[in-house]
Amino acid sequence: MKNFAAIDFETANFHRTSVCSVGIVIYKNGIKVDEFYSLIKPEPEYYNRICSEVNGLSKADTENAPRFPEVWKQVVPKIAGLPLVAHNKAFDETCLKSVFGCYGMDYPDYEFYCTLLKSKELWPGIPHNLDVIAERCGFNLENHHHALADAEACAAIAVKIL
């Protein structure tokens, strides 16, 4: 896969609509050409302890952040015509569909690929956490659970195995 947008969401709580940050890394012809990161005011707007411990974000970080529709307006031209790639697409695709529904937006039925499923196919019997698979693909993931860092790791994996 040479042309794609790797995407990662972080959530404020266990509602899939509560996306509080997004990271996107764009590859064209196998080369990184762009990236995007934004905090997002989550819906519902509260943080649970577990999610905050994982991603390091709190209400103070996003209380002045734009809502999802404003953020997505910036994303649409960047990802036009590209398939999306996530490490655990079941989570990220569900978040995207849920937040589209939350705001009454028409979901464009994005084409999604999953580096997690592909890594399980290629390397059975090992842990398939993002940081483990990224390292196996030659990428050192620092700042794990920061949406842009995770999207960068996913992109590095996608270039190697998709």
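This is a dialogue about reading features in a predicted model of a protein.

Visitor: Where should I begin, and how many helices and strands does the protein have?

Guide: A sensible start is the list of elements, and here the protein has seven helices and five strands. Taken in order along the sequence, these elements follow the pattern β-β-β-α-α-α-β-α-β-α-α-α. The radius of gyration is 15 Å, close to the 15 Å that the globule rule gives for 162 residues, so the protein is as compact as a globular protein of that length.

Visitor: What box do the C-alpha atoms fill, and what share of the residues counts as buried?

Guide: Along the principal axes, the C-alpha atoms fill a box of roughly 40 × 35 × 20 Å, and 48% of the 162 residues count as buried. The accessible surface comes to about 7800 Å², and 50% of this surface belongs to carbon and sulfur atoms.

Visitor: How many positive and negative side chains are there?

Guide: The protein has 16 positive and 21 negative side chains, and the centres of these two sets lie 4 Å apart.

Visitor: Turning to single residues, is H128 buried or exposed?

Guide: A residue counts as buried when its relative accessible area is under 20%. H128 has a relative accessibility of 12%, and therefore counts as buried. As for its place in the chain, H128 sits in the loop between helix 5 (115-122) and helix 6 (130-136).

Visitor: Which backbone atoms does the side chain of H128 reach?

Guide: The side chain of H128 reaches the backbone oxygen of W123 at 3.0 Å, and it also reaches the backbone oxygen of I126 at 3.0 Å. If we leave aside neighbours within four places in sequence, H128 is in contact with H87, L116, S119, K120, W123 and I133.

Visitor: One of those contacts is K120; where does K120 lie, and how is its accessibility described?

Guide: K120 lies in helix 5, and its relative accessibility is 42%, so K120 counts as partly exposed. Places in the sequence can also be compared with places in space: K120 and M105 are 15 residues apart along the chain, and their C-alpha atoms are separated by 33 Å. For another pair, K2 and K32, the separation is 30 residues in sequence and 9.6 Å in space, C-alpha to C-alpha.

Visitor: What does K2 touch, and where is K2 found?

Guide: K2 is found in the segment before strand 1 (4-11). Not counting residues up to four places away in sequence, K2 touches Y27, K28, N29 and G30. With a relative accessibility of 55%, K2 counts as exposed.

Visitor: Which residues are in contact with E93, and is E93 buried or exposed?

Guide: E93, which lies in helix 4 (residues 89-102), is buried, with a relative accessible area of 13%. Apart from neighbours within four places in sequence, E93 is in contact with Y107, Y110 and F112.

Visitor: What should I note about the backbone angles of N29 and N143?

Guide: Here one looks at the sign of phi together with the residue type. N29 is not a glycine, yet its phi is positive, at about 55 degrees; N29 sits in the loop between strand 2 (19-28) and strand 3. N143 is likewise a residue other than glycine with a positive phi, near 65 degrees, and N143 lies in the loop between helix 6 and helix 7 (147-161). N29 counts as exposed at 60% relative accessibility, and N143 counts as exposed at 53%.

Visitor: What is the form of the peptide bond from E43 to P44?

Guide: That peptide bond is cis, with omega near 0 degrees, and P44 is found in the loop between strand 3 (31-39) and helix 1 (49-55).

Technical notes: Residues are numbered from 1 along each chain as its sequence is written. This is a predicted model: local features need pLDDT of at least 70, side-chain atom pairs count only at pLDDT 80 or more; totals for chains, interfaces and linings use all residues. Side-chain values use heavy atoms; hydrogens and water are left out. Helices (H or I, at least four residues) and strands (E, at least two) are DSSP runs, numbered from the N terminus. Buried means under 20% relative accessible area, exposed over 50%, partly exposed in between (1.4 Å probe, protein chains only). A polar contact is a pair of N or O atoms within 3.5 Å; within protein, one must be able to donate a hydrogen and the other to accept it, and residues adjacent in sequence count only if both atoms are side-chain atoms. Contact means heavy atoms within 4.5 Å. The radius of gyration is taken over C-alpha atoms; the globule rule is 2.2 Å times the number of residues to the power 0.38. Accessible areas come from the Shrake-Rupley method with a 1.4 Å probe; for residues, only the protein chains shown count as cover. Lys and Arg count as positive and Asp and Glu as negative; His and the chain ends are not counted. The place of a charge is taken as NZ of Lys, CZ of Arg, CG of Asp or CD of Glu.
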